[in-house]
Amino acid sequence: VKWTEGRGWHDAQLVPYAPLSIDPANMTLHYAQTIFEGLKAYRQPDGAVATFRPDANARRFQYSARRLGMPELPVETFIAACDALVTQDKAWVPASGEESLYLRPFMFATEVGLGVKPANEYLFIVIASPAGAYFPGGVKPVSVWLSEEYVRATPGGTGAAKTGGNYAASLVAQAQAAERGCDQVVWLDAIERRWIEEMGGMNLYFVYGNRVVTPELTGSLLPGITRDSLLTIAADLGYEVAEGRISVEDWKAAAEDGSLTEVFACGTAAVITPVGSVKSTRADWTVGDGQPGEVTMKLRKALLDIQTGAGSDTHGWMHPLG
Ligand code: PMP
């Protein structure tokens, strides 16, 4: 779907996947006016296909557009585009279980010019790719590297938007994590480098026995849709749920005195991933016994049951495509 100043959205098309031809002076290539989303379509037990909370992705896409000075795509257009792509060949959606069809809606400036200003022309596209189960050999805890040198986002910046620049800013820290033998980066706040924000592509939850806490939305972390869903699911399952501030010192101290029983990360790609160990320039520590925790696995099952249709969709989160 195209957008042009003065004309609005026009020319929706369903076309075979193919490379795009881009002008070397395309504004996006220079100034990164680009936003994206990620959501999944799951096969249901009756053979039908459904996407998980596409309206939430559509609204976050509108927020990202506003923050990047781009036109907002109507929620219905976002959902209709995803639906049209999936339903043109539902055989694309894997047959069962945790496998899914990952959808990647995105929008970027198509105007040509070297002036730094919001563009007058944009293109919205949805592509898709089948996604296997994230942990085909069983759920395995990840190790994380606390990034103290680099930050992903700053107050007043674009951290709460899903825009390419946030990921560009995080690439060297991801490489540092890999050099230290860690799977993922954990980001701290930019000012004090003390408060836990999120992981490279997932939000975090801390479990203290019966109490689950996730870092509050400060404006510099992404408001994950999985994070939001788990606030509800955890309450449904009878846990005490809170959004709050968790510092690096609190994480280490609570892990060592045993009051912090589990930590997990959550996002569309992996759903829920246990966090087993932490490395930083100051100290290394483990969480629990390094195995996937009971609360983590209960929440993971409850969410996947809704997504795959094995459980009932009590919150009306599934969007059926027939
Ligand atoms: N944080 C970041 C930086 C992400 O890229 C993602 C993935 N979209 C998440 C958190 C989790 O968000 P969601 O649950 O909406 O996938």
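This note goes through a predicted model, from the whole chain down to one pair of helices and one residue.

1. Taken as a whole, the chain contains seven helices and 17 strands, and its C-alpha trace spans about 60 × 50 × 30 Å along the principal axes. For 322 residues, a compact globule would be expected to have a radius of gyration near 20 Å, and because the chain has 20 Å, the two agree.

2. Buried residues account for 41% of the 322 residues in the chain. If one considers the contacts between residues at least 6 apart in sequence, 70% of them join residues that are at least 24 apart.

3. How do helix α2 and helix α3 cross? The axes of α2, residues 54–67, and α3, residues 75–87, come within 9 Å and cross at roughly 125 degrees. The two helices are therefore oblique to each other, since an angle that is neither under 35 degrees, nor over 145, nor from 65 to 115 counts as oblique. The crossing in which α2 passes α3 is right-handed.

4. Where these helices meet, Pro 54, Asp 55, Ala 58, Arg 59 and Phe 61 come from α2, while Val 75, Phe 78, Ile 79 and Cys 82 come from α3. The residues of this contact divide into seven nonpolar and two charged, with no polar ones.

5. Is Leu 171, a residue of helix α4 (residues 164–179), buried or exposed? Leu 171 has 12 C-beta neighbours inside 10 Å and therefore counts as exposed, because that class takes in residues with 12 or fewer. Leu 171 and Tyr 134 are separated by 37 residues in sequence and by 21 Å in space, C-alpha to C-alpha.

Key:
Residues are numbered from 1 along each chain as its sequence is written. This is a predicted model: local features need pLDDT of at least 70, side-chain atom pairs count only at pLDDT 80 or more; totals for chains, interfaces and linings use all residues. Axes are lines fitted to C-alpha atoms, for helices over the stretch in contact, and angles run from 0 to 180 degrees between N-to-C directions. Helices (H or I, at least four residues) and strands (E, at least two) are DSSP runs, numbered from the N terminus. A crossing is left-handed if the near helix is turned anticlockwise from the far one by less than a right angle, and right-handed if clockwise. Two residues are in contact if their C-beta atoms, placed from the backbone, lie within 7 Å. Ala, Val, Leu, Ile, Met, Phe, Trp, Tyr, Cys and Pro count as nonpolar, Asp, Glu, Lys and Arg as charged, and the others, Gly among them, as polar. A residue is buried if 20 or more other C-beta atoms lie within 10 Å of its own, exposed if 12 or fewer, and partly exposed in between; C-beta atoms are placed from the backbone. The radius of gyration is taken over C-alpha atoms; the globule rule is 2.2 Å times the number of residues to the power 0.38.
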